[in-house]
Amino acid sequence: MLTPMLASLLLPLLLLCRISFCQYSSDQCSWKGSGLTHESHARDVEQVYLRCSQGSLEWLYPTGAIIVNLRPNTVSSAAARLSVCIKPSADSGGTNIYLDRNGKLRLLLREQDHAQGKVQCFSIQEGALFIEAVPHLDISRRITEFQYELVSDRLGPDAQSLEEPCHPCSDTEVLLAVCTNDFVGRGSIRRVEQEEEHSTVTVEISRLYRQKTHVFASGGVRVRRWTGSIKMPPQCGVRAGEGEFLFTGTVRFGEAWMGCAPRYKDFLRLYNEAEQQGTNPCHVETD
């Protein structure tokens with residue numbers, strides 16, 4: 001049962017949902033609508049408001065256009081530094097997707113490019129998504145569908161994908177990554193597979209400090225080992241080899257992406273120095 005306070009918080013969000021379906025939870029917000037519900041108003045532009053850190057959109061039989069406003073569910077000055085990433089499904093199509101900033105449109109994704117499933121990112125300050133249906137005689141098989149996530153703007157305002165540039169992390173970045181990243185683990189590199197758009201690094205983790213979702217699989221109750229894959233840009237030139245690393249990074253659309261990955265001995269030296277100086281942002285068990 002909703003308490004009066006919770007109901008008062010949810011009511012403004014529910015009033016924003018003007019089309020057929022909206023679903024809210026603490027960390028996800030999704031919308032599902034049909035072009036058939038407003039086919040007679042094909043020139044109308046519907047407003048959709050999604051105020052969550054991640055979720056999805058599914059527009060069946062698209063006609064006309066909709067504007068999708070993606071915002072965090074909290075008011076903060078840090079919100080202006082967020083990026084939005086969307087990942088179309090393999091069956092998505094039927095629309096062109098633009099960025100709409102004060103009425104000026106910039107093409108983000110053409111209809112024929114949806115099926116590639118490539119992640120597209122942009123700064124939240126670049127505006128809302130303007131999704132316009134492409135006219136077809138038969139709309140019965142047309143569906144626009146994608147997942148979205150709000151992510152830290154460390155990618156930079158000109159980033160078009162989840163790939164972060166390859167550069168050594170500073171001491172401060174390493175210490176912060178250990179405290180704030182989606183996954184942190186000590187381990188070694190077993191295999192590297194080079195693909196056209198990214199490299200896939202297979203790792204074996206001997207100590208798992210944290211993982212947001214189960215991107216690393218356990219070897220069993222009696223085997224304190226985890227294995228998994230981490231993606232990173234192909235130009236980073238990572239190779240399998242000897243030595244232990246501290247792997248940190250983010251989880252996007254269910255996939256692990258590499259952040260800072262210093263050699264473990266270098267991290268240990270850095271951490272101990274910061275511990276002595278009292279500048280560590282958090283405590284980590286290093287024994």
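Student: In the hairpin of β7 and β8, which residue takes a positive phi?
Tutor: This is a predicted model, in which local features need pLDDT of at least 70 and side-chain atom pairs count only at pLDDT 80 or more, while totals for chains, interfaces and linings use all residues. Residues are numbered from 1 along each chain as its sequence is written, and side-chain values use heavy atoms, with hydrogens and water left out. Strands (E, at least two residues) and helices (H or I, at least four) are DSSP runs numbered from the N terminus. The hairpin has 2 residues between its strands, and the residue with a positive phi near 55° is N102.

Student: How many bridges join β7 to β8?
Tutor: Two strands pair if DSSP finds at least two bridges between them. Y98 stands opposite L107 in β8. The two strands run antiparallel, and the number of bridges joining β7 to β8 is 5.

Student: Why is strand β7 largely enclosed by the rest of the structure?
Tutor: A residue is buried at under 20% relative accessible area, exposed at over 50% and partly exposed in between (1.4 Å probe, protein chains only). Strand β7 covers residues 95–101. It is largely enclosed because, of its 7 residues, the number buried is 6.

Student: In which sense do β7 and β10 pair?
Tutor: Strands of a sheet pair through backbone hydrogen bonds, in either of two senses. In this pair T95 stands opposite A133 in β10. There are 6 bridges between β7 and β10, and the sense is antiparallel.

Student: What is the order of the strands in the open sheet of 5 strands?
Tutor: The edge strands, each pairing on one side only, are β3 (45–50) and β8 (104–109). Strand β5 (residues 65–70) runs antiparallel to strand β10 (residues 128–133) and is joined to it by 4 bridges, with V68 opposite L129 in β10. The pairing in the sheet is mixed, and the order is β3-β5-β10-β7-β8.

Student: What does the twist of that sheet average from one strand to the next?
Tutor: Axes are lines fitted to C-alpha atoms (for helices, over the stretch in contact), and angles run from 0 to 180 degrees between N-to-C directions. From one strand to the next, the average twist is 30°.

Student: Is Y61 buried, partly exposed or exposed?
Tutor: Y61 lies in the loop between β4 (54–60) and β5. Although not a glycine, Y61 has a positive phi of about 45°. Its relative accessibility is 26%, so Y61 counts as partly exposed.

Student: Which residue in the turn between β16 and β17 has a positive phi?
Tutor: Strand β16 (residues 245–252) runs antiparallel to β17, with 4 bridges joining them, and G249 has M258 in β17 as its bridge partner. The two strands form a hairpin with 2 residues between them. The turn residue in question is buried, at 13% relative accessibility. With a positive phi of about 55°, it is F253.

Student: Which residue in β17 stands opposite I230?
Tutor: Strand β15 (residues 226–232) and strand β17 (residues 255–258) pair in the parallel sense over 2 bridges. Opposite I230 in β17 stands A256.

Student: How many residues apart are F183 and F216?
Tutor: Rings of Phe, Tyr and Trp (its six-membered ring) pair if their centres lie within 6.5 Å; planes under 30 degrees apart count as stacked, over 60 as edge-to-face and the rest as tilted. The structure holds 5 aromatic pairs; in one of them F183 and F216 meet edge-to-face, at 5.4 Å centre to centre and 75° between the planes. F183 is buried at a relative accessible area of 0%, as is F216 at 3%. The pair links strand β12 (residues 183–194) to strand β14 (residues 216–218), and the separation along the chain is 33 residues.

Student: Which residue lies over the face of Y264?
Tutor: Ring pairs link Y264, F267 and Y271 into a cluster. A charge sits over a ring if NZ of Lys or CZ of Arg is within 6 Å of the ring centre and within 35 degrees of the ring normal. At 3.9 Å from the ring centre of Y264, the residue is R186.

Student: Within what arc do the buried residues of α3 fall?
Tutor: The buried residues of α3 are Y264, F267, L270, Y271 and A274, while K265, Q276 and Q277 on the other side are exposed. The arc is that of the directions from the helix axis to the C-beta atoms. Seen down the axis, the buried residues of α3 line one face of the helix, because they fall within an arc of 125°.
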